[in-house]
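The following exercises concern the surface of a protein model and its annotated segments. Please study the sequence and the structure before reading each solution.

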Amino acid sequence: MGAESYWLIALAMAGLSVWKTYTGPALAGFLSLSYPEMFMFNVLPAMAAGGFGWYFGTVLHLPLPFRKQVCFRPKLRKFLRAWNNYGQVSMALLAPILIGIPLFTLVSRKLKQRFATTFLLLFISILLCSGISYFGFLLFNWQEYIPIDALLPAR
């Protein structure tokens, strides 16, 4: 893999990890990249996306869906209902799969949760989700069945 394709793949992993955390590590596992590379290109951009969501939670003055009955977003309404039933810990564990990192931190900010608690739970959730995805793809050893070098552009 050349330097250009390496950085292009790294950018793709970072972009995928910003919203759905399990897709970037799956790509890293598929390409047999090391764990520090997966961490750098997936976990760090996901945490940065969480920071942007937290920032926009203070800047945007939008009402939450359960206060405004005109707009109907089934996923977000279901997520808020589960937040009220199960709490922040379980919703932090499900956020990378259900609604994404930025939206989780935005909702946390709107619900007046503490910064340290939110980002600690988010970090643990991202590590857990990305670790399962990464090691799952390494365990299946997809490169044995699909020649990745044939899929990447050659010079």
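A residue is called buried when its relative accessible area is under 20%, exposed when that area is over 50%, and partly exposed in between. The model used here is predicted.

**Exercise 1.** Determine whether Leu 120 is buried, partly exposed or exposed.

Solution. Step one: Leu 120 is located in helix 7. Step two: its relative accessibility is 52%, and therefore Leu 120 counts as exposed.

**Exercise 2.** Classify Val 89 in the manner of Exercise 1.

Solution. Step one: Val 89 belongs to helix 5. Step two: the relative accessible area of Val 89 is 51%, so this residue is exposed. Step three: along the chain, Val 89 and Thr 117 are 28 residues apart, while their C-alpha atoms are separated by 9.2 Å.

**Exercise 3.** Identify the helices that each supply at least two residues of the nonpolar surface patch.

Solution. Step one: the patch includes Val 89, Leu 93, Leu 120 and Ile 124, among others, and its residues together have about 900 Å² of accessible area. Step two: the helices sought are helix 5 (88-98) and helix 7 (115-140). Step three: helix 5 gives the largest share, five residues.

**Exercise 4.** Describe two of the spans that UniProt lists as "transmembrane region".

Solution. Step one: the unreviewed UniProt entry lists residues 6-31, 43-66, 86-107 and 119-142 under this name. Step two: residues 6-31 are 85% helix and 0% strand, with end C-alpha atoms 10 Å apart. Step three: residues 119-142 are 92% helix and 0% strand, and their end C-alpha atoms lie 33 Å apart.

Conventions:
Residues numbered from 1 in each chain as written. Predicted model: local features only at pLDDT ≥ 70, side-chain atom pairs only at ≥ 80, totals over all residues. Heavy atoms only, no water. Patch = residues over 30% accessible without salt bridge, like charges linked within 9 Å, V, L, I, M, F, W, Y side chains within 5 Å. Areas by Shrake-Rupley, 256 points an atom, 1.4 Å probe, with all protein chains shown as cover. Salt bridge = Lys/Arg side-chain N within 4 Å of Asp/Glu carboxyl O. Helix = DSSP H or I, 4+ residues; strand = E, 2+ residues; numbered from the N terminus. Buried < 20%, exposed > 50% of the residue type's maximum accessible area, 1.4 Å probe, protein only. UniProt positions renumbered as here; feature names shortened; annotations may be inferred.
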